[in-house]
Amino acid sequence: MTQQFPTARKTNRILEALLSGEHLTVALALQRHGVFALSQECGRLRRLGWQIESRTIETPGAHVSEYWLTCEAIPFCGYC
């Protein structure tokens, strides 16, 4: 029997979203993909070699991080 790892599934969902060109914030990742710890997932992907960019954006009442995958990485990923 193969064990399913919830973290790997979450990381894969985030990677698929980033590969499709999405720019994600915590709120969007939670709403669209069921992932709350977006910074941890992006950190995990960076350690795997993905070139994930981030910046802080201002929203009403808060500053949040936005994450996306660099355009250079997408054509060579083997996913597209």
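Student: What makes Val-26, Leu-30 and Phe-36 a nonpolar surface patch?

Tutor: In this predicted model, Val-26, Leu-30 and Phe-36 together make a nonpolar surface patch of about 290 Å². A patch is made of residues with over 30% relative accessible area and no salt bridge, where nonpolar side chains (Val, Leu, Ile, Met, Phe, Trp, Tyr) are joined within 5 Å and like charges within 9 Å. The areas come from the Shrake-Rupley method with a 1.4 Å probe, and for residues only the protein chains shown count as cover.

Student: Why is Leu-30 called partly exposed?

Tutor: Buried means under 20% relative accessible area, exposed means over 50%, and partly exposed is in between (1.4 Å probe, protein chains only). Leu-30 has a relative accessible area of 43%, and therefore counts as partly exposed. Leu-30 lies in helix α2, residues 26-33, where helices (H or I, at least four residues) and strands (E, at least two) are DSSP runs numbered from the N terminus.

Student: How do you know that Arg-32 forms a salt bridge with Glu-22?

Tutor: The term requires a side-chain nitrogen of Lys or Arg within 4 Å of a carboxyl oxygen of Asp or Glu. The closest N and O atoms of Arg-32 and Glu-22 are 3.0 Å apart, so the pair satisfies that rule. The pair links distant parts of the chain, with Arg-32 in helix α2 and Glu-22 in the loop between α1 (6-19) and α2, ten residues apart. By this rule the count comes to three salt bridges.

Student: What makes Arg-55 and Glu-66 a salt bridge, and which of the strands hold them?

Tutor: Their side chains meet at 2.7 Å, N to O, and this is therefore a salt bridge under the rule already given. The pair links distant parts of the chain, Arg-55 being in strand β1 (residues 52-59) and Glu-66 in strand β2 (residues 62-69), eleven residues apart.

Student: Why is Glu-66 called buried or exposed?

Tutor: Glu-66 is buried, because its relative accessible area is 10%, whereas Arg-55, at 47% relative accessibility, counts as partly exposed.

Student: What about Arg-44 and Glu-41, and how are they classed?

Tutor: Arg-44 forms a salt bridge with Glu-41, the closest N and O atoms being 2.9 Å apart. Glu-41 is buried because its relative accessible area is 5%, while Arg-44, at 28%, is partly exposed.

Student: Which conventions underlie these values?

Tutor: Residues are numbered from 1 along each chain as its sequence is written. Local features need pLDDT of at least 70 and side-chain atom pairs count only at pLDDT 80 or more, totals for chains, interfaces and linings use all residues, and side-chain values use heavy atoms, with hydrogens and water left out.
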